[in-house]
Amino acid sequence: MSLSDDGGYGGDGHRGPETGQTRTRLPDSDGDIYGSGRRPRAGMSSRNLVTIVGVIVLLLAAIAFANRGGSGNSETPAGDSPKDTDHAQPTAPTGTKPVSGKNGGIASGFAKTEQGAQSAAANYAVALSSGGMYKSAQRDAIVDAVYTSSAAADRKESLRKIYTDPKFLNKIGLKADGNAPSGMTFVSRANPAGTKAEKFGGTTATVAVWYSTLFGLAGQGSQNPVAESWYTSTMQMQWVNGDWKVAGFTQKAGPAPIGGDQAAATAKDMSQAVQGFGGFTYAR
């Protein structure tokens, strides 16, 4: 029996012979004029798989970046200064021109700043440890250049007693006039390793200088070969007549590092090094 008078399905204009029979659609039959049914999904398409993998990768990257930002191991951004003020900072450009003056061969004209006080203290430690301290005229010139006028008067007399003591000079191998024996080179040189401003009050400062010294006689058969020692001098600084001066200081040994395993230089090499390498003007 037909569902319509034309014997077709829905009156679409006689698409097949009029047999009067009802047609049945089979889902996966071959050759069905209505087409095969929708095939079941056997698995995930490659496009969907790529999308899901991409989302997972992005999620993992975001987590890693968030952990890195909050780990506490990030570097201080450029231009930001560390917040820990308990540690001395290394030398850095300050915008202040280096000293250009000389007072008795010693740098002068330091800036009226905390770093200027540190520069002065480092240079004064070098001057007070130099070989010139063993010569009367040079010693007085160094003291006048480094100390305040009131401190200089007291220091000259006490230093004269130390550096002219025959027993002391004989112990270190120098003659009574402070000169080295013939064929020997006297070495007395300080090498600052760092400075620290313990206090700063504008016109006063307390500065510690950590340095090594080379001291002894370089030459064949020397009984006092050049050796290295370490000291820390703490200087009370005052701003006087446009420059920093020492009002007083204390000294202690160390801290000293462990000696390296380098072979000691020959007497000739040491003498040539001392005579051929000049010192530095230290400025921060």
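Modeller: Start with axes: they are lines fitted to C-alpha atoms, for helices over the stretch in contact, and angles run from 0 to 180 degrees between N-to-C directions. The model is predicted: local features need pLDDT of at least 70, side-chain atom pairs count only at pLDDT 80 or more, and totals for chains, interfaces and linings use all residues. Residues are numbered from 1 along each chain as its sequence is written, and side-chain values use heavy atoms, leaving out hydrogens and water.

Biologist: How many helices and strands does the chain have?

Modeller: Helices (H or I, at least four residues) and strands (E, at least two) are DSSP runs, numbered from the N terminus. This chain has six of each. Their order from the N terminus is α-β-β-α-α-α-α-β-β-β-β-α.

Biologist: At what angle do H3 and H4 pack?

Modeller: About 150°, with the axes 10 Å apart. H3 covers residues 136–146 and H4 covers residues 149–163. Angles under 35 degrees count as roughly parallel, over 145 as roughly antiparallel, 65 to 115 as roughly perpendicular, and the rest as oblique. The two helices are therefore roughly antiparallel.

Biologist: Which residues make the contact between H3 and H4?

Modeller: Contact means heavy atoms within 4.5 Å. H3 supplies Arg139, Asp140, Val143 and Asp144. H4 supplies Ala152, Arg155, Lys156, Leu159, Arg160 and Tyr163. By class, that contact has four nonpolar, no polar and six charged residues. Ala, Val, Leu, Ile, Met, Phe, Trp, Tyr, Cys and Pro count as nonpolar, Asp, Glu, Lys and Arg as charged, and the others, Gly among them, as polar.

Biologist: Which residues of H3 are buried?

Modeller: Buried means under 20% relative accessible area, exposed over 50%, and partly exposed in between (1.4 Å probe, protein chains only). In H3, Arg139, Ile142, Val143, Ala145 and Val146 are buried. Down the axis of H3, these buried residues fall within an arc of 165°, so they line one face of the helix. The arc is taken from the directions from the helix axis to the C-beta atoms. Across the chain of 284 residues, 27% count as buried.

Biologist: Now strand E4. Is Leu217 buried or exposed?

Modeller: Leu217 is buried, at a relative accessible area of 5%. Leu217 is found in E4, a strand of residues 204–218. Leave out residues up to four places away in sequence, and Leu217 touches Ile172, Met184, Phe186 and Val226, among others. Leu217 and Ile172 are 45 residues apart in sequence but 8.1 Å apart in space, C-alpha to C-alpha.

Biologist: What does Thr213 touch?

Modeller: Thr213 also has its place in E4. Its relative accessible area is 11%, which means it is buried. With the same neighbours in sequence left out, Thr213 touches Arg189, Ala190, Ala227, Glu228, Ser229 and Tyr231.

Biologist: Which peptide bond is cis?

Modeller: The bond from Gly254 to Pro255, with omega near -5°. Pro255 sits in the loop between strand E6 (243–253) and helix H6 (267–276).

Biologist: Where is Asn241 found?

Modeller: In the loop between strand E5 (227–240) and E6. Phi of Asn241 is near 50°, a positive value in a residue other than glycine. Asn241 counts as exposed, at 80% relative accessibility.

Biologist: How far apart are Ala283 and Ala117 in space?

Modeller: 9.5 Å, C-alpha to C-alpha, with their positions 166 residues apart in sequence. Ala283 lies in the segment after H6. Ala283 is partly exposed, with a relative accessible area of 38%.
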